[in-house]
Every structure is written in C-alpha cells, then in structure tokens.
Amino acid sequence: MHSHRRRNPIRRSAPALLSAAALITGGLAIATQSAAFATTTTHSTATSAAAVHTHRLCSQPSKPGYMACEAVVRTDLKAQKSLGRHDTPQGFGPTDLQAAYNLPKDGGKGATVAIVDANDDPNAEKDLAAYRSQYGLPECSTSNGCFKKIDQDGGSNYPTPDSGWAGEISLDVDMVSAACPQCHILLVEAKSANMEDLGAAVNQAVKQGAKYVSNSYGGGESADDTKADDQYFKHPGVAITVSSGDSGYGVEYPAASPYVTAVGGTSLKKDSSTRGYSESVWGTSAGGDGAGSGCSQYETKPSWQKDTGCTKRTVADVASVADPATGLAVYDTYQASGWNVYGGTSASSPFIAGVYALAGTPGSGDTPASYPYAHPDKLNDVTSGSNGSCSDYLCKAGKGYDGPTGLGTPNGVSAFTK
C-alpha cells in the first residue's frame, strides 16, 4: 500500500508541540472554552471560569503517511507530582465519569480492550498502577494478567520512546480504566506513526483476541483510504473506535472509515439537573480547537447512517467528554510531571471502547458502529454548541443526530449492544 496520509488544512494550521521554554514564555495555544477545575478535599469538578491554555502532546507529522495523536494537555494548571493525604487530582476521575454516563461499576470482567498507539511508553504499566491506586480501582498489571504490552508484531521489541505518544498512552489506558475497571488492557505499540504501522498494530490487537480496539490518532483523508479500510479496519465482530479529531469542523481518517465508531467530543459540566451533568459540543463557532465532524470525501455511507446532509460517510457517531477545559485527570511520568489534566478526542475514543466492553461481546458478523443507530433513545442527546461555522447539523448540535456529537453520549450501555 502506498503512503497516503496528508494532514488536511485544518490540521496543518494546528499548533505543533511546544517546548518547555515556549510554554514558560507564554507561547501557548488557547482553547476558548469557558470552564476550569476547582479541587476540593472530596472531588474535582468543573466550574465556570476564563479561557484555558493548552498544547497538543504530539507534533504535526513531518511527512506524508503519518498520523498525529489527538491528545491535549492543560498548561494553565500546575502539574501535581505528588498528592497530599486529602488531595485529589484536578480533572474528572472515574467516579465522575461513571456517574455522568450512568455506567455500571461492575461489568466487562475479563473483556480485553486494546489500545493502539505509536512509539513506546516505558512507564505505561507503572503509571497505570498509580492512576488505578489513586482511585481505588482493581490492580491491572502484567503479573495478574490484566495488563499486557506488545509491539505491532506481537512481541516485546518495543519501538523508540516518545514523550508525546507516552502522554497519549497514559490518557488511553486511564480512560479505559475509568469506563471499565474490570476490563483487561492490551497496549499495542506501533513502531512509527505511519498509518501502515498503526494499521498493523490494529490487526495485531484483533489477532490477540481483543473485541474492542481504540485508536486515538488521525490525519487528512485520501483517495487510498478505502484500501486501508479493508486492510486494517474491516474486522466484523470487533468494536473499533477512532477519535474524530481536535481541530474543529472537518473530517479525518481513520474516523471516516465506515467500519469504525467515530467518536466526537463534548464539554461536560456538573449541574443541578436530574442527571447531575450537562454537555455541549467541544468547540466554538469560530472553529479551531474542537471535535472533528463533517462529510467524508471518499468513504461510502454505511446503510445504518440515515442523515441527509452527506451522500458519503458522516462523522461522528457518538461522543463523550473531550474538552480540556472540562478535562480528565491523567497520570504520566515519562518526561512529564505526574498528574495533569488532559483532553482531546483521544480521551473519548478509549472511553467509548470501554463502554462497548461493558455492553458485551459484539455479534460475530456485526459492525458494532451500527449499534447506537438502533438505540438513539438510550443516549444523552447533546443539543447545544458548535465546532465551526457551517450552516447546519454537520457542525451545530441540535435535537437528534449532529456531526460533532453524533447520536449523543452514553446513558448506560444499552446503545452499545445489538
């Protein structure tokens, strides 16, 4: 297969990874969301405040055929290297997310959720242990059979470490843990961020028996995408989730593949409603930072997708919290400083993979991306916000299906099974 990934104009305009010196001197990307976190001795929550500062964990690809991870970190909040006896990390933790999305605390026992990322995180298992210990989640280690790390060929010849992708890996394994504490986690590390290596890692995850595979990366669409679909993402009976993107209105691959669940992003806030939480689109009408959405240029519209604004595949299908301004507590120590608040649709993809695992094993011949379309009433419909300046549902939330949040966010697990 030819190398075929190029970043689209929206992604190319996104800020590249910033150096520590740039951050200190104020060279910060600003996410214009309207929330920040207030930490108390009992919990972390989202409250109204000024715009937040972020930077992307992964630099933009330097050559065609390569992907960028979809994770961002808050830089206006000081990293917490250690916590006092009565402290909790800033950002939403597992209890918050389980409550917000009405998830069972027991479920998915023994199910394996695979995480596909590029490069190595040497501290992945150690950092995962710290996250799970902090929140009282069951141990998930190599020794007890819950955690496994392999290279894209199934062995232990791990690729070169990379601090950006290591942060991405920490976010991914923490979000699977938050959604499905009883799930096993398989980390498959591709030797590079080239789509061919990442695709080989997806195939390896399925070969290893994973029925749920999360991909938190993306690049611009290409006419060759349909070939990649058949090579890497056509796995009946496997729920494959993909981040929709972090650059607002616009479509990325592999989120556009008709074989995957494209996962958009929301801003999640605590409130006084019966649910206890409210959500809006992650993004602004000005575009820029925010969940990706729109019409694919090349991918055929799947039979189960019925919206009328795109003749081809529409992104996204479902969503969950991704806004760094209402972001997630993540523990990462590989060239990082411990507890940080992360966001991006890199958070929502592994979280939704965990929700699929809670819902149970997909039918052997099914494309699980179709499941939510059969149960839209089992989701939280997100009806406010936008991720760009288009004139319709492709970038604006409203009743029913919309591009940035798809059919909505989890309200239990019933929408994620046949």
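A crossing of two helices is called right-handed if the near helix is turned clockwise from the far one by less than a right angle, and left-handed if the turn is anticlockwise. In this predicted model, that term applies to helix α5, which passes α8 in a right-handed crossing, and the pairing of these two helices is a convenient place to start.

Helix α8 covers residues 345–359, and its axis lies 8 Å from that of α5, the two packing at an angle of about 35°. On the α5 side the contact is made by E168, L171, D172, M175, V176, A178 and A179, which meet S346, A347, P350, F351, G354, V355 and L358 of α8. Sorted by class, the residues in this contact comprise 10 nonpolar, two polar and two charged ones.

Helix α5, residues 163–179, also packs with α4, and here the axes come within 10 Å and cross at roughly 40°. Because angles from 35 degrees up to 65 fall outside the roughly parallel and roughly perpendicular ranges, and so count as oblique, α4 is described as oblique to α5. The crossing of α4 with α5 is right-handed. From α4, the residues A124, D127, L128, Y131 and R132 meet I169, S170, V173, D174, M175, S177 and A178 in α5, and by class this contact has seven nonpolar, two polar and three charged residues. M175 and A178 of α5 appear in the contact with α4 and also in the contact with α8.

These helices belong to a chain in which nine helices and 22 strands are found. Of its 418 residues, 61% count as buried, while the area that the chain exposes is about 14800 Å², with carbon and sulfur atoms supplying 49% of it. Among the contacts with a separation of 6 or more, 77% are between residues 24 or more positions apart. One example of positions separated in sequence is given by G209 and A111, which are 98 residues apart along the chain, with their C-alpha atoms 9.6 Å apart in space. G209 itself sits in the loop between α6 (195–207) and β10 (212–215), and with a relative accessible area of 43% it is partly exposed.

The backbone of the loops deserves a separate look, beginning with two asparagines. N102, in the loop between α3 (94–100) and β7 (112–118), has a phi near 55°, a positive value in a residue other than glycine. N119, in the loop between β7 and α4 (124–134), likewise has a positive phi, near 65°. Their surroundings can be told apart by accessibility: N102 is partly exposed at 46% relative accessibility, whereas N119, at 14%, counts as buried because the value is under the 20% cut-off.

Two cis peptide bonds complete this account of the backbone. The bond from Y253 to P254 is cis, with omega near 15°, and P254 lies in the loop between β13 (247–249) and β14 (261–270). The other cis bond joins V315 and A316, where omega is about 15°; A316 is found in the loop between β17 (312–315) and β18 (318–321).

Key
Residues are numbered from 1 along each chain as its sequence is written. This is a predicted model: local features need pLDDT of at least 70, side-chain atom pairs count only at pLDDT 80 or more; totals for chains, interfaces and linings use all residues. Side-chain values use heavy atoms; hydrogens and water are left out. Helices (H or I, at least four residues) and strands (E, at least two) are DSSP runs, numbered from the N terminus. Buried means under 20% relative accessible area, exposed over 50%, partly exposed in between (1.4 Å probe, protein chains only). Contact means heavy atoms within 4.5 Å. Accessible areas come from the Shrake-Rupley method with a 1.4 Å probe; for residues, only the protein chains shown count as cover. Axes are lines fitted to C-alpha atoms, for helices over the stretch in contact, and angles run from 0 to 180 degrees between N-to-C directions. Angles under 35 degrees count as roughly parallel, over 145 as roughly antiparallel, 65 to 115 as roughly perpendicular and the rest as oblique. Ala, Val, Leu, Ile, Met, Phe, Trp, Tyr, Cys and Pro count as nonpolar, Asp, Glu, Lys and Arg as charged, and the others, Gly among them, as polar.
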